[in-house]
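Colleague: Got a minute to walk me through this model? I'd like to talk about the empty spaces, then the rings.

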Amino acid sequence: MLFYIYIVAITAEAMSGALAAGRRNMDMFGVALIAFLTALGGGTMRDIILGNYPISWTQHPPYIYLTISAGLLTMLVARYMQRLNSMFLVLDAMGLIAFTIIGCNVALNLEPQYHYSTVVVIMAGMMTGVGGGIFRDILCNRTPQVLRHELYASVSLLVALLYLGLKYLGINENINMSVSFVVGLSIRLAAIKWNWSLPVFSYSPSKWK
């Protein structure tokens with residue numbers, strides 16, 4: 001199930017990257033590049049940092065074709081995308097949870113070789129979950145949305161903690177994934193609906209003069 005959610009998620013992320021590129025009036029190459037990095041950038045960064053070679057998408061060329069095609073297709077159907085905004089929010093939330101769990105699993109599989117601590121496994125999950133969106137926003141010259149809107153990166157953190165906690169307790173893997181996925185998705189969708197966010201730090205020296 002996680003594999004199919006992953007495929008849907010990278011497609012949705014690629015399309016969101018293409019829309020961000022369109023808002024910056026990029027050409028077709030820019031659209032394709034941003035789409036690819038949004039969908040697969042987080043996993044790439046994770047693999048490089050963890051030393052997990054070869055990088056996953058280099059062994060699965062269909063991922064490249066899928067993300068670039070999704071980005072270019074977005075250029076053709078962009079006029080209809082606003083109507084599908086709610087669906088994209090759900091797909092993006094699903095992708096966040098799936099990427100986080102996958103990232104944790106990659107680090108756990110490498111643990112016997114590199115002896116990664118729990119905090120590194122959590123960071124690997126979060127990096128996979130939010131990394132692509134950060135790449136997208138930086139290349140589109142805007143503050144990363146994961147750092148300033150309703151709960152997003154913190155949901156990835158909670159999912160990683162829950163998944164590893166249940167794993168530590170010896171819960172069946174399928175049950176663990178299902179529970180982590182449902183809880184994480186519920187929190188993310190609730191955050192969107194009720195605009196939950198973390199406290200914002202606003203620094204202005206003039207305030208204390």
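Colleague: Let's start inside. Which helices each supply at least two residues of the lining of the largest cavity?

Modeller: H2 and H5 do. Bear in mind that this is a predicted model.

Colleague: Sure. And where does the largest share of that lining come from?

Modeller: From H5, with four residues. The whole lining of the largest cavity is Glu13, Thr38, Ala39, Gly42, Phe99, Thr128, Gly129, Gly132 and Gly133.

Colleague: How much space is in there?

Modeller: About 40 Å³. The count is one cavity of 30 Å³ or more.

Colleague: How does that lining split by class?

Modeller: Two nonpolar, six polar and one charged. Glycine counts as polar here, and the lining includes Gly42, Gly129, Gly132 and Gly133.

Colleague: Tell me about H5 itself. How far does H5 reach?

Modeller: H5 runs over residues 118-139, 22 residues in total, and spans 31 Å from its first C-alpha to its last. That's close to the 32 Å expected at 1.5 Å a residue.

Colleague: Where is the kink in H5 centred?

Modeller: On valine 130, with a bend of about 45°. Just after H5, asparagine 141 has a positive phi of about 60°.

Colleague: OK, on to the pockets. How much space lies in the largest pocket?

Modeller: About 660 Å³. Its lining has 23 residues, and Ser16, Arg23, Asn85, Leu89 and Gln145 are the ones nearest the centre.

Colleague: Which helix gives the most to that lining?

Modeller: H1, with five residues. Helix H1 (2-23), helix H4 (85-114) and H5 each supply at least two. By class, the largest pocket is lined by nine nonpolar, seven polar and seven charged residues.

Colleague: And the second largest pocket, what's its volume?

Modeller: About 260 Å³. It is lined by 16 residues, with Tyr6, Arg46, Ser56, Tyr63 and Ile102 the closest to its centre.

Colleague: What's the class split there?

Modeller: Ten nonpolar, five polar and one charged. H2 gives the most to the lining of the second largest pocket, with six residues, while H1, helix H2 (28-50) and H4 each supply at least two.

Colleague: Switching to rings. How many aromatic pairs turn up in the whole structure?

Modeller: Six. Take phenylalanine 3 and tyrosine 4: their ring centres are 5.4 Å apart and the planes sit at 70°, so that pair is edge-to-face.

Colleague: Why does 70° make it edge-to-face?

Modeller: Because planes over 60 degrees apart count as edge-to-face, and the planes of phenylalanine 3 and tyrosine 4 are at 70°.

Colleague: How exposed are those two?

Modeller: Phenylalanine 3 is partly exposed, at 45% relative accessible area. Tyrosine 4 is exposed, at 61%.

Colleague: And what about tyrosine 6 with phenylalanine 99?

Modeller: That pair is edge-to-face too, 5.7 Å centre to centre with 75° between the planes. Tyrosine 6 is in helix H1 and phenylalanine 99 in helix H4, so the pair ties together parts that are 93 residues apart in sequence.

Colleague: Are those two buried or exposed?

Modeller: Buried: tyrosine 6 has a relative accessible area of 13%, and phenylalanine 99 has 5%. The cut-off for buried is under 20%.

Colleague: Which residues form the aromatic cluster?

Modeller: Tyr6, Tyr63 and Phe99. Tyr6 and Tyr63 are also among the residues closest to the centre of the second largest pocket, and Phe99 helps line the largest cavity.

How values were computed. Residues are numbered from 1 along each chain as its sequence is written. This is a predicted model: local features need pLDDT of at least 70, side-chain atom pairs count only at pLDDT 80 or more; totals for chains, interfaces and linings use all residues. Side-chain values use heavy atoms; hydrogens and water are left out. The expected span of a helix is 1.5 Å times one less than its number of residues. The bend at a residue is the angle between axes fitted to the seven residues ending there and the seven starting there. On a 1 Å grid over the protein atoms alone, a cavity is a set of points where a 1.4 Å probe fits but cannot get out, and a pocket is an open set with protein on both sides within 12 Å along at least five of seven lines; lining residues have an atom within 4 Å of a point. Grid points are joined across faces, edges and corners, and a volume is the space filled by probe spheres set on the points. Rings of Phe, Tyr and Trp (its six-membered ring) pair if their centres lie within 6.5 Å; planes under 30 degrees apart count as stacked, over 60 as edge-to-face and the rest as tilted. Buried means under 20% relative accessible area, exposed over 50%, partly exposed in between (1.4 Å probe, protein chains only).
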